[in-house]
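Visitor: Pick the buried interior of this model and give me a close look at it, then work outwards from there.

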Amino acid sequence: MKIKYTVGTYIKEEKELEIEDTKNIFLQGNNPYDGLNTYLGIWTNEKYLLIITLISGRNIRYEYSTNKNIYTYADIKEYLENNKNVKIISRDEFKEQLQKITSILKI
């Protein structure tokens, strides 16, 4: 008996997300592997441009630069391509998630 089945199917779908300011953006999506929320925040403060990714409530990836004019399009595009159901969120929502993660790191 022959049984036909599909091992894996990869569906490519083109989507768009309109972003007004690539140096002041906060996103929420879902990790495609575990379904948990992920977050991307890009903003500037008095000294730095920061790019912070919070992955599934247990990983933090961050980058910063003293050059506030660096190109952030590639970081945003990478996040969009690697997460599902991405939406724009407020700075306060992102800050709340960041505080949850950093509270675990108290020494």
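Guide: Let's start with how the chain folds back on itself: among contacts between residues at least 6 apart in sequence, 47% join residues at least 24 apart, a contact being heavy atoms within 4.5 Å. Keep in mind that this is a predicted model, where local features need pLDDT of at least 70 and side-chain atom pairs count only at pLDDT 80 or more, while totals for chains, interfaces and linings use all residues. Residues are numbered from 1 along each chain as its sequence is written, and side-chain values use heavy atoms, with hydrogens and water left out.

The secondary structure adds up to 2 helices and 5 strands, in the order β-β-β-β-α-β-α from the N terminus. These are DSSP runs numbered from the N terminus, with helices (H or I) of at least four residues and strands (E) of at least two. Of the 107 residues in the chain, 29% are buried. Buried means under 20% relative accessible area, exposed means over 50%, and partly exposed is in between, with a 1.4 Å probe and protein chains only.

Now to the inside. In soluble globular proteins, nonpolar side chains tend to be buried together. Here the largest nonpolar core has 10 residues: Phe26, Tyr39, Trp43, Leu50, Ile52, Leu54, Ile89, Phe94, Leu98 and Ile101. A core of this kind is a set of buried Ala, Val, Leu, Ile, Met, Phe, Trp, Tyr and Cys residues joined through side-chain atoms within 4.5 Å. At least two of its residues come from each of β2 (37–44), β3 (49–55) and α2 (91–104). A second, separate core has 8 residues, including Leu27, Leu40, Ile42 and Ile51.

Trp43 is a good spot to pause in the larger core. Leaving out residues up to four places away in sequence, Trp43 touches Lys23, Asn24, Phe26, Tyr48, Leu49, Leu50, Ile52, Arg91, Phe94 and Leu98.

Three threonines are tucked away too. Thr72 sits in the loop between β4 (59–65) and α1 (73–82) and counts as buried because its relative accessible area is 0%. A polar atom of the Thr72 side chain lies 2.6 Å from the backbone oxygen of Thr22. Beyond four places in sequence, Thr72 is in contact with Thr22, Lys23, Ile42, Leu49 and Ile51; of these, Ile42 and Ile51 also belong to the second core.

Thr38, in β2, counts as buried because its relative accessible area is 2%. Its contacts beyond four places in sequence include Leu27, Leu54, Ser56, Tyr79 and Asn83. Thr53, in β3, is at 8%, so it is buried as well. Among the residues Thr53 contacts, again beyond four places in sequence, are Tyr39, Leu40, Ile60, Arg61 and Tyr79. Thr53 and Leu27 are 26 residues apart in sequence, with C-alpha atoms 9.4 Å apart.

One backbone oddity belongs here: Ser56 has a positive phi of about 55° although it is not a glycine. Ser56 is in the loop between β3 and β4, and at 7% it counts as buried. Asn85, in β5 (84–88), also has a positive phi, near 55°, but at 54% Asn85 counts as exposed.

Moving outwards, Arg61, one of the contacts of Thr53, is partly exposed at 35%. Arg61 forms a salt bridge with Glu63, the closest N and O atoms being 3.8 Å apart; a salt bridge needs a side-chain nitrogen of Lys or Arg within 4 Å of a carboxyl oxygen of Asp or Glu. The count by that rule is 4. Another one joins Glu81 and Lys77 at 3.9 Å, N to O, and both residues lie in α1, 4 residues apart, about one turn of the helix.

Last stop, the surface: Ile60, Tyr62, Tyr64, Ile104 and Leu105 form a nonpolar patch with about 580 Å² of accessible area together, calculated by the Shrake-Rupley method with a 1.4 Å probe, only the protein chains shown counting as cover for residues. Patch residues have over 30% relative accessible area and no salt bridge, with nonpolar side chains (Val, Leu, Ile, Met, Phe, Trp, Tyr) joined within 5 Å and like charges within 9 Å. β4 gives the most to this patch, with 3 residues. Leu105 comes in the segment after α2 and, at 54%, counts as exposed.

Definitions and conventions. Polar contact = N/O pair within 3.5 Å; in protein donor to acceptor, adjacent residues only side chain to side chain.
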